[in-house]
Amino acid sequence: MIPMTKPLLGKEEQQAIQRVLQSGWVTQGPEVEAFEQDFCSLTGSKNAIAVSNCTTALHLALLALNIGPGDEVITVSHTFIATANAIIHAGATPVFIDIDPTSYNMNPDLIEAAITDRTRAILCVHQMGMPCDLDAILNIARKFELKVIEDAACAIGSEILWKNHWEPIGKPHGDIACFSFHPRKILTTGDGGMLTTQSDELDKRLRLLRHQGMSVSDRTRHQAQEVIFESYPLIGYNYRLTDIQAAIGRVQLSRLPGMIERRQLIYQWYEEELQQHPKFTLPINQSWTRTNWQSFCLKLPPELKQKQVMNYLLKQGISSRRGIMNCHLEAAYQEKENCRISQTLFQSEQAQQKSILLPFYGQMSREDVSQVCQALNRL
Ligand SMILES: *Cc1c(COP(=O)(O)O)cnc(C)c1O
C-alpha cells in the first residue's frame, strides 16, 4: 500500500526526547525557547512563539490583533476547517470568498467586494504550501487598513519572490503567520504550532495569551535568585507546547532543507510522468513562488468521477484524498450566523469535487511514483 504521507522521524528525534526526559524539565522551557530561536533563523522573523497547534495559533493571532465579536474576517472556504473555526473561537465572523483555480489560493480580485464596515482582517491561506498572492493582498489590506494573518499551516520552507529576493513564508509579510506541526504537514512534533511576527508588542501579547496571561514564565521563576510573584494582566489560555515536542521540532528543523529538496525531486518525477497526459492538470509554481510541495493536487477532467478514480487507485494499493474541503458545505457552517458567504464559491467547490491529492512523502521512491502514475494512465 502506498500511503498519502509518512512522517520522517528517526534516531535523532528519539535521542532528543530522551535528553528532555532525563533533564527533568518536560513542559514549556529551554527546548521551547531554543526551538523558537531556530524558527526565527529559518523564517527571518524577529519573534517566534510556540503553541500547542496551528488552530490555537490562529485563535491567538486574532485575539492579539483585538479581533472579536461583531468583526468580520475575510478568508476562503476552500481550506481545512480549522481556519474558519479559529475565527469563530475568537467570536468573529468568517466571510468566505472564492479561490483562483490554478493556485487553489484566495483570489485577491474578489477581496474588495467582500469588504464592509465590519471587516477587520484578511486571513489568507498558503494552501498546500503554495504561497498565496501576498503582494496583492497586502496592497488591499493597506488601502482599507485591515490586518493580515497568514495561515501558513502547510507552508514551512516555502518561499516567495519579494522585491527581487526570495524570502521565506513566515517572515512574516503580514502581521502574523501561523504554522502547524501536525504529521500531515512536512515537519512534525506530533502536534504543535508556531506564530511568527516582526512586532515586539504582538510578541508580548501572544506570550501572555498562550500561558494564562501570566507575566513571568515558570522557567524564570525557577531560575530566579530571589522570590518573584507573578501577575495576570489579562485572561489567557493554556496553549503551551511541551519541551518534549520542541526537542523533536529542533531535530526536524535541521532536516527541513533536505526534506524540501527531496520533495522537489518527487514533484519532478510526477511531472515527467504526468505532464504529457492530455486529461490531467498538474499543480505549478508561479514565477514568484517556490512551494514546499506539502501536497500534490491533481485536477481531473470533467468526464472522470472523483470517487471512481479514488476507488480505482485504492484497489491498486494507492491511497488518495479528495481535493481540499469547503467549509461552507459542512453542516457546522450551514448555520447562517456562523459565516457570511460574500459571493459564488464555484471555483472552491470545483476544486473540492474535481481534484484529488496523490501520495507525496520523502521516503517515496521513483518506483512508488511510477506505480501511481501507471495506475492513473491505465485509468
Ligand atoms: C492543518 C491545517 C490547520 C490546522 O493545524 P493544526 O495544527 O492541526 O491545528 C489550519 N489550517 C490549514 C490550512 C491546515 O492545513
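This passage describes the ligand site, the pockets and cavities, and two local backbone features of a predicted model.

The ligand is surrounded by 14 residues, of which Cys54, Thr55, Asp151, Ser180 and Lys185 come nearest. Divided by class, this shell comprises 6 nonpolar, 6 polar and 2 charged residues. Two helices, H3 (residues 54-64) and H4 (residues 82-89), each contribute at least two residues to the shell around the ligand. Oxygen atoms of the ligand lie at short computed distances from several polar atoms of the protein, and both backbone and side chains take part: a polar backbone atom of Cys54 is 2.9 Å from an oxygen atom of the ligand, a polar side-chain atom of Thr55 is 2.5 Å from an oxygen atom of the ligand, and for a polar side-chain atom of Lys185 the corresponding distance to a ligand oxygen is 2.7 Å. On its own the ligand has 390 Å² of accessible area, and the protein covers 92% of it.

The ligand is located in the largest pocket of the model, which has a volume of about 570 Å³. This pocket is lined by 27 residues, and those closest to its centre are Phe80, Cys154, Arg184, Lys185 and Ile324. Lys185 is thus listed among the residues closest to the pocket centre and also among those that come nearest to the ligand. Helices H3 and H4, together with strand S12 (residues 321-322), each supply at least two residues of the lining of the largest pocket, and H3 gives the most, with 3 residues. H3 and H4 therefore appear in two descriptions, as contributors to the pocket lining and to the ligand shell, under the assignment of helices as DSSP runs. In terms of residue class, the lining of the largest pocket has 11 nonpolar, 10 polar and 6 charged residues.

The second largest pocket encloses about 310 Å³ of space. Among the 19 residues that line the second largest pocket, Gln28, Arg207, Arg210, Val216 and Ser217 are the closest to its centre. Two or more residues of this lining come from each of helix H2 (residues 30-43), helix H6 (residues 200-210) and helix H7 (residues 218-223), and H6 makes the largest contribution, with 5 residues. The lining of the second largest pocket divides into 4 nonpolar, 7 polar and 8 charged residues.

Besides these pockets, the structure contains 2 cavities of 30 Å³ or more. The largest cavity holds about 80 Å³ of space, and its lining is formed by Thr102, Ser103, Tyr104, Gln127, Met128, Met130, Pro283, Thr291, Trp293, Ser295, Phe296 and Cys297. This lining has 7 nonpolar and 5 polar residues, and no charged residues. The second largest cavity holds about 30 Å³ and is lined by Met4, Thr5, Arg184, Gln294, Ser295, Phe296, Leu357, Leu358 and Phe360; the residues of its lining divide into 5 nonpolar, 3 polar and 1 charged. Ser295 and Phe296 appear in the linings of both the largest cavity and the second largest cavity. Arg184, which belongs to the lining of the second largest cavity, is also named among the residues closest to the centre of the largest pocket.

Two features of the backbone complete the description. Lys171 and Pro172 are joined by a cis peptide bond, with an omega of about -15 degrees, and Pro172 is placed in the loop that runs between strand S7 (residues 165-168) and strand S8 (residues 176-180). Gln212, although not a glycine, has a positive phi of about 60 degrees, and Gln212 is found in the loop between H6 and H7. The two helices that flank this loop are both among the elements that give two or more residues to the lining of the second largest pocket.

Notes: Residues are numbered from 1 along each chain as its sequence is written. This is a predicted model: local features need pLDDT of at least 70, side-chain atom pairs count only at pLDDT 80 or more; totals for chains, interfaces and linings use all residues. Side-chain values use heavy atoms; hydrogens and water are left out. A residue is near a molecule or strand if one of its heavy atoms lies within 4 Å of it. A polar contact is a pair of N or O atoms within 3.5 Å; within protein, one must be able to donate a hydrogen and the other to accept it, and residues adjacent in sequence count only if both atoms are side-chain atoms. Accessible areas come from the Shrake-Rupley method with a 1.4 Å probe; for residues, only the protein chains shown count as cover. On a 1 Å grid over the protein atoms alone, a cavity is a set of points where a 1.4 Å probe fits but cannot get out, and a pocket is an open set with protein on both sides within 12 Å along at least five of seven lines; lining residues have an atom within 4 Å of a point. A molecule sits in a cavity or pocket if more than half of its atoms lie within 2 Å of its grid points. Helices (H or I, at least four residues) and strands (E, at least two) are DSSP runs, numbered from the N terminus. Ala, Val, Leu, Ile, Met, Phe, Trp, Tyr, Cys and Pro count as nonpolar, Asp, Glu, Lys and Arg as charged, and the others, Gly among them, as polar. Grid points are joined across faces, edges and corners, and a volume is the space filled by probe spheres set on the points.
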